[in-house]
Amino acid sequence: MIEALRFDGYLTNYTELCAKAGLPALPQNEENLKALTAGCYRMWGKNLLSHMDGGFFVALYDSSSEEYLIGRDRFGIRGGYYACRKGMPFRFGTSPMEVLRAARIRPAVDEKSLQLYLMFSFVPGPGTLFEGVSKLLPGEFAVYKKGQLTKRRYWQPEYSPKTGVSLDDWAAQLDKTLRQSVKETPRGKVTHGLLSSGVDSAYLTAVSNTAHTHTACFRDSAWHEETGAQETAAALGVENELHLIDPDRYLRSIPEVLRCLEEPLGDASEPALYLMCKELQGRCDTVYSAEGIDEMFGGYHSCRAALRRAPYWVLPGPLRRAAAGIAGQFPGLPGSWLMLAGERDITEHPGNTVVFGRSGIRKILNGKPELIDPYETVRECCPTAEGADMVTLMCDHDLRLGFANSILLGIDRISAGTGIRFCMPFVSRRVFELAASIPSGHKVTRSTGKLVFRRAAAHALPEEICRRRKIGFETPVCVWLQQERFGGRVREAFETPAAARWFKKQQLDLLWKRFLRRPDRYWHQIWTIYMFLQWEEIFIENKQESAGRSPERSSV
């Protein structure tokens, strides 16, 4: 007998799968999705996940073989966690705390994962900051049988660029594919949109016919997203509402945000996104979000910078490693990102969010921790794409590191915590497969990112919007940290027993002095440490979150 224990998420090919399984295409809800999952397992066995498109975590039990199967979608839209310790039952769920409660494990810091967090500002899979709790990688499933756990990838990104197609033809195909993906992705009863000043959210707003949009804004920001967002809304004839986020409210929200996330993220945009979703409660149940375009089409500045500095990657390895050691101790040096990222060959590119290098981690951590090689995790998350060029490799690693383990993780947990579901039609197999066939020269040049996407967006947007530079969801934490009210409270956390337990006081003091001299180059290190300390106080020191019964059907 096959029993679907869990289906959390959605399918974009739900109707098609129902027809293949001989089931009526009833509304997508948990029970109907579980019934479909069981039907897919009867047809395809352990290969069922390769036939499913969407964002999901699934769990099944096959009584004939006494096997449990858990799996996660291709991109990591939904979380998938488990605990598998000798002598104890197998536990699983969609969040770390769900697994901890089910397993009745006392929360403790995984010191290996702490080093990864300090390097990346998040913990790339398969580990978590909670000792004893692991997570599935995107596109991975695990089978548990009689105390043994085996994992396997059912999907890996494959890149096969096709030549002989013009940029305009690619843009036309992309516009058609993106519009189709918007139609296929389930939306809620009341769906609004998140609108920035950029081209990605503007295009999604245009093709999804969203009538009401929302923009987060900050008085102290050097970049005013609301100006471009309001201009876009006016051009498209939609309503745009601004949500002002002040520093006091932002800082007060951190404990609540961390309880929602369950793991710290050094991305300073997460509290702002959480606060805006809290304001949307009762007004809509779903928001359109244009995630995925930067990772698939080379939207990050690091891709353009790497093209401009391509000769750096062919320097001898020992020279690049020496430069990375210097940048690790002085992360505020000009060009430190390139020096840190260039420590290894481009095939081991660590993504665009490197915060501390290995030498910097060694200097700031207390005691003499057993240092790890973070590139082992990079290799595990991102097996080399054969024959891929530099831009393709960078986009691939951004997709499987920062996107899966920070952006999508944050969205998934904020959605669970606020009840606002995120509709992300660009994060789809259909869009990725087209992106993987477009040559990188049509995506990124030394001066322009997302070239083919901008050309596609011109089918729906005025040219001025298509040409706008990328700002990103910038929060003015750097500015706020220089203000006594905000910065003083953060500085107090550096004087706590928790800070002394994990970090060398002399190095924390030195980091703060460097920040005061060059705020723009050191604020991210300050914020990454602060978020860990706040998380440690909530989940480890106080252990307030470890009590409570495990959710039904979260484990076996």
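Start by selecting phenylalanine 330 in this predicted model. Is Phe330 buried, partly exposed or exposed? With a relative accessible area of 33%, phenylalanine 330 is partly exposed. You will find this residue in the loop between α13 (317-329) and α14 (336-341). Now add Ile326 and Leu333 to your selection: together with Phe330 they form a nonpolar patch on the surface. The accessible area of the three together is about 230 Å².

**Next stop: a bridge between two helices**

Select arginine 485 and aspartate 248, and show their side chains. The two meet in a salt bridge, with 2.8 Å from N to O. Arginine 485 belongs to helix α22 (residues 484-493) and aspartate 248 to helix α8 (residues 247-252), so this pair ties together parts that are 237 residues apart in sequence. Turn on the surface if you like. Arginine 485 is exposed, at 61% relative accessibility, while aspartate 248 is partly exposed, with a relative accessible area of 29%. How many salt bridges are there in the whole structure? A search finds 36.

**Then: a network of charges**

Move on to arginine 379 and glutamate 348. These residues form a salt bridge whose closest N and O atoms are 2.4 Å apart. Arginine 379 sits in helix α16 (residues 374-381) and glutamate 348 in the loop between α14 and α15 (358-364), so the pair ties together parts that are 31 residues apart in sequence. Arginine 379 counts as partly exposed, at 37% relative accessibility, but glutamate 348 is buried, with a relative accessible area of 14%.

Keep that pair on screen and select aspartate 373 and arginine 358 as well. Here too there is a salt bridge, and its closest N and O atoms are 3.8 Å apart. Aspartate 373 lies in the loop between α15 and α16, arginine 358 in helix α15, and the pair links distant parts of the chain, 15 residues apart. Arginine 358 is partly exposed, at 25% relative accessibility. Which residues do shared partners join into one network? Add Glu343 to see the full set: Glu343, Glu348, Arg358, Asp373 and Arg379 are joined by salt bridges that share partners.

**Now go inside: glycine 410**

Select glycine 410, which lies in helix α17 (residues 390-418). This glycine is buried, with a relative accessible area of 0%. What does glycine 410 touch, leaving out residues up to four places away in sequence? The answer is Leu261, Leu265 and Glu270. Try drawing a distance from the C-alpha of glycine 410 to the C-alpha of tyrosine 274: the two are 9.1 Å apart in space, yet 136 residues apart in sequence.

**Last stop: the cysteines**

Finish by selecting the cysteines. A disulfide is a covalent bond between the sulfur atoms of two cysteines. To be counted here, the two sulfur atoms must be within 2.5 Å. How many disulfides does that rule give? The count comes to zero. Look at cysteine 18, which is in no disulfide: the nearest cysteine sulfur, in cysteine 40, is 8.0 Å away. Cysteine 18 is buried, with a relative accessible area of 1%.

Now jump to cysteine 381. Why is there no bond from cysteine 381 to cysteine 382? The sulfur of cysteine 382 is the closest cysteine sulfur, but at 5.6 Å it is too far for a bond. Cysteine 381 is also buried, with a relative accessible area of 4%.

Conventions:
Residues numbered from 1 in each chain as written. Predicted model: local features only at pLDDT ≥ 70, side-chain atom pairs only at ≥ 80, totals over all residues. Heavy atoms only, no water. Buried < 20%, exposed > 50% of the residue type's maximum accessible area, 1.4 Å probe, protein only. Patch = residues over 30% accessible without salt bridge, like charges linked within 9 Å, V, L, I, M, F, W, Y side chains within 5 Å. Areas by Shrake-Rupley, 256 points an atom, 1.4 Å probe, with all protein chains shown as cover. Salt bridge = Lys/Arg side-chain N within 4 Å of Asp/Glu carboxyl O. Helix = DSSP H or I, 4+ residues; strand = E, 2+ residues; numbered from the N terminus. Contact = heavy atoms within 4.5 Å.
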